[in-house]
Amino acid sequence: MNHVTPPTCAALALVLLAATGCGGGGRQTLTVFADASLTGTFGSLGKTFEAAHPGVAVRFDFGGSGALAQRIARGAPADLFAAAGTAAMRGSGAPSPRVFARDSLQIAVPKGNPAHVAGLKDLTVPGVRVALCAESAPCGAGARTALAAAGVTVTPIGPDQNGKAPDAAKVLAKVRLGEADAALVYRTDVRAAAGAVEGVDLPGAARAVEDYLIATVPGTERLALTREFVDLVLSDEGRKVLGGAGFTPVTG
């Protein structure tokens, strides 16, 4: 009669290592909450990061920075947060954020600029239809700052009772469709429109610059990976991708 010897602890350990991919190298997921305006750039950088980190998947949750900050503050499972604006980053509770990019305001006009809009004062010319974002959106807050600094008052066209759209996509749609002669949005919004509209630079755009910040979310178990992703964002490759989307990269 054959006698089967119970497996030793060492043998069991070898079986477990084999099952988990030797040395605990199972697939990890890095969860990044990021402002919706970073969808294209961070999507590209995520693929670069995964290629350099076999076994790591980068999962993005894109949305409005304010809403994402609230979710993080309530304990949503995120490892890294990239926000548009310092207020959202503060609201998330993530410490020691770093500014990695800036975006500047532009006037978006239809192709050919039929209303000949060259500056903010042209937005007050009778007959010029202007679309503005709601002030809860970055493009709305930036527009308010720029208009106030220039001493310009604008009455925007619809769509709601306040005459302001909820985001850049809505106001750009009005410009693209010929329903508005101009809209105040950010440079990256114009670039994302892929030639459907044109951008007019503002001499005072520096007064309405939006900082983009990135920080590790407290309590993450993937601290090393978050640091490496931040390094990628701040690297030459990251600067190239951000600059290509219309951002001004910052590495300070």
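In the predicted model, C133 and C139 are joined by a disulfide in which the two sulfur atoms lie 2.1 Å apart. A search of the whole structure returns one disulfide. A bond of this kind is covalent and links the sulfur atoms of two cysteines. The torsion about the S-S bond of C133 and C139 is about -100°, and the disulfide is therefore left-handed. With a relative accessible area of 2%, C133 falls under the 20% limit and is therefore buried. C139 is likewise buried, its relative accessible area being 4%.

C139 also belongs to the description of the largest pocket, which has a volume of about 920 Å³. This pocket is lined by 45 residues, and those closest to its centre are D35, S37, P138, C139 and Y212. Two or more lining residues come from each of the helices α2 (39–52), α3 (65–73), α4 (86–92), α5 (138–150), α6 (168–176) and α7 (187–192), and from the strand β10 (210–216). The greatest contribution to the lining is made by α5, which supplies six residues. Sorted by class, the lining consists of 21 nonpolar, 14 polar and ten charged residues.

In soluble globular proteins, nonpolar side chains tend to be buried together. The largest nonpolar core of the model comprises 34 residues, and the most contacts inside this core are made by I107, L120, L123, L147, L184 and V185. The elements providing two or more residues to the core are β5, β6, α5, α6, β8 (182–186) and β9 (197–201). Of these, β8 gives the most, with five residues. The surroundings of L147 illustrate the packing: when residues up to four places away in sequence are not counted, L147 touches L120, L123, L132, V152, V154 and L184. A second core, separate from the one just described, has 26 residues, including V58, A101, Y212 and F247. Y212 is thus a member of this second core and is also among the residues closest to the centre of the largest pocket.

Helix α3 contains A69, a residue with a relative accessible area of 3%, which means that A69 is buried. The C-alpha atoms of A69 and S92 are 4.2 Å apart, although 23 residues separate the two along the chain. Apart from neighbours within four places in sequence, the contacts of A69 are F81, A88, G91 and S92.

Attention turns next to three residues in loops. N113 is placed in the loop that runs between β5 (105–110) and β6 (130–133). Because its relative accessibility is 14%, N113 counts as buried. Beyond residues up to four places away in sequence, N113 touches E198 and V200.

The other two loop residues have positive phi values. S96, which is not a glycine, has a phi of about 50° and is located in the loop between α4 and β4 (98–103). The relative accessibility of S96 is 67%, so this residue counts as exposed. A194, also a residue other than glycine, shows a positive phi near 55°. The position of A194 is in the loop between α7 and β9, and at 66% relative accessibility A194 counts as exposed.

Key: Residues are numbered from 1 along each chain as its sequence is written. This is a predicted model: local features need pLDDT of at least 70, side-chain atom pairs count only at pLDDT 80 or more; totals for chains, interfaces and linings use all residues. Side-chain values use heavy atoms; hydrogens and water are left out. On a 1 Å grid over the protein atoms alone, a cavity is a set of points where a 1.4 Å probe fits but cannot get out, and a pocket is an open set with protein on both sides within 12 Å along at least five of seven lines; lining residues have an atom within 4 Å of a point. Grid points are joined across faces, edges and corners, and a volume is the space filled by probe spheres set on the points. Helices (H or I, at least four residues) and strands (E, at least two) are DSSP runs, numbered from the N terminus. Ala, Val, Leu, Ile, Met, Phe, Trp, Tyr, Cys and Pro count as nonpolar, Asp, Glu, Lys and Arg as charged, and the others, Gly among them, as polar. Buried means under 20% relative accessible area, exposed over 50%, partly exposed in between (1.4 Å probe, protein chains only). Contact means heavy atoms within 4.5 Å. A disulfide is a pair of cysteine sulfur atoms within 2.5 Å. A nonpolar core is a set of buried Ala, Val, Leu, Ile, Met, Phe, Trp, Tyr and Cys residues joined through side-chain atoms within 4.5 Å.
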